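Trainee: I have a structure to go through and would like your help in reading it. Could we take it topic by topic?
Mentor: Certainly; please bring it up and ask as you go.

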Amino acid sequence: GPGPGPGPGMAGGAGRLLLVALLAAAERELRFKPPPPPGEAPVRLFTEPELARYDGQQEGQPIYLAVKGVVFDVTSGKEFYGKGAPYNALVGKDSTRGVAKMSLDPADLTHDITGLTEEELKSLDDIFNNVYKAKYPIVGYTSRRILNEDGSPNLDFKPEDQPHFNIRDEF
């Protein structure tokens, strides 16, 4: 006579296999997702301790410097910003005030621009636009620029529109 048809046990097994295959495919899809098109790239946010890791002291680590809350990758300027280099004091932190005043005084190596003169503010913008934005890629922003003191999103936050803006995944 005809053999026994597929019992419920068999169908259950096949269903489970299919589910496992689908999950594996979905996971693969997520892992190899192409990066979002420019403009929609997620913005990398740096807290002070994170930024401090990129202070040029570690050979082979990128060197980051923040000005006006924008984090630049200044690794290509190693001879200025690397370990023992003349401007190494500026990196691994937001040194907006130091850049504005052309000062490496530790007291000036801060994001705080309170009390700067018109001249210093103009100088800051010139250097920001003509040196940093012109020469170095933007890798993200300081958390202070993206968030308010209470941790809520800063609605005034506008990413700098820079032609070679790209977020490189460092992990």
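Trainee: Which residue forms a salt bridge with K101, and how far apart are the closest N and O atoms?
Mentor: The partner of K101 is D108, and their closest N and O atoms are 3.6 Å apart. Please keep in mind that this is a predicted model.

Trainee: Is K101 buried or partly exposed?
Mentor: K101 has a relative accessible area of 34%, so it is partly exposed. D108, in contrast, is buried, with a relative accessible area of 8%.

Trainee: Which residues do shared salt-bridge partners join into one network?
Mentor: The network consists of R97, K101 and D108. R97 also bridges to D108, with 3.5 Å between the closest N and O atoms.

Trainee: Where do R97 and D108 lie?
Mentor: R97 belongs to helix α4, while D108 sits in the loop between α4 and α5; the salt bridge therefore ties together parts that are 11 residues apart in sequence. R97 is buried, since its relative accessible area is 14%.

Trainee: How many salt bridges are there in the whole structure?
Mentor: The search finds five. One of the salt bridges is between the side chains of D125 and K68, at 2.6 Å from N to O. That pair links distant parts of the chain, 57 residues apart: D125 is in helix α5 and K68 is in the loop between β2 (64-67) and β3.

Trainee: And are D125 and K68 buried or partly exposed?
Mentor: D125 is partly exposed, given its relative accessibility of 32%. K68 is partly exposed too, with a relative accessible area of 29%.

Trainee: Let us turn to the rings. How many aromatic pairs does the structure hold?
Mentor: There are 11 aromatic pairs. Among them, F72 and F128 meet edge-to-face, with 5.7 Å centre to centre and 70 degrees between the planes.

Trainee: Where in the chain are F72 and F128?
Mentor: F72 is in strand β3 (residues 70-73) and F128 is in helix α5, so to speak a link between distant parts of the chain, 56 residues apart. Both F72 and F128 are buried.

Trainee: What about F80 and Y87: how far apart are the centres of the rings?
Mentor: The centres are 6.4 Å apart, and because the planes of F80 and Y87 stand at 35 degrees, the pair is tilted. F80 is partly exposed at 34% relative accessible area, and Y87 is partly exposed at 38%.

Trainee: Which residues do ring pairs link into a cluster?
Mentor: The cluster is made up of F72, F80, Y81, Y87, F128, Y132 and Y136.

Trainee: Now the surface. Which residues make the nonpolar patch?
Mentor: F80, Y87 and L104 make a nonpolar surface patch of about 250 Å². L104 lies in the loop between α4 (96-101) and α5 (118-135), and its relative accessibility of 37% means that L104 counts as partly exposed.

Trainee: Finally, what pLDDT does the chain average?
Mentor: The average is 82, and 75% of the residues score at least 70. Over residues 162-171, however, the pLDDT is below 50; that stretch has 24 contacts in the model beyond near neighbours in sequence.

Trainee: How should I read such a region?
Mentor: Predicted coordinates should not be read in detail where pLDDT is low.

Definitions and conventions
Residues numbered from 1 in each chain as written. Predicted model: local features only at pLDDT ≥ 70, side-chain atom pairs only at ≥ 80, totals over all residues. Heavy atoms only, no water. pLDDT = per-residue confidence, 0-100. Contact = heavy atoms within 4.5 Å. Patch = residues over 30% accessible without salt bridge, like charges linked within 9 Å, V, L, I, M, F, W, Y side chains within 5 Å. Areas by Shrake-Rupley, 256 points an atom, 1.4 Å probe, with all protein chains shown as cover. Salt bridge = Lys/Arg side-chain N within 4 Å of Asp/Glu carboxyl O. Helix = DSSP H or I, 4+ residues; strand = E, 2+ residues; numbered from the N terminus. Buried < 20%, exposed > 50% of the residue type's maximum accessible area, 1.4 Å probe, protein only. Phe/Tyr/Trp six-rings, centres within 6.5 Å; stacked < 30°, edge-to-face > 60°.
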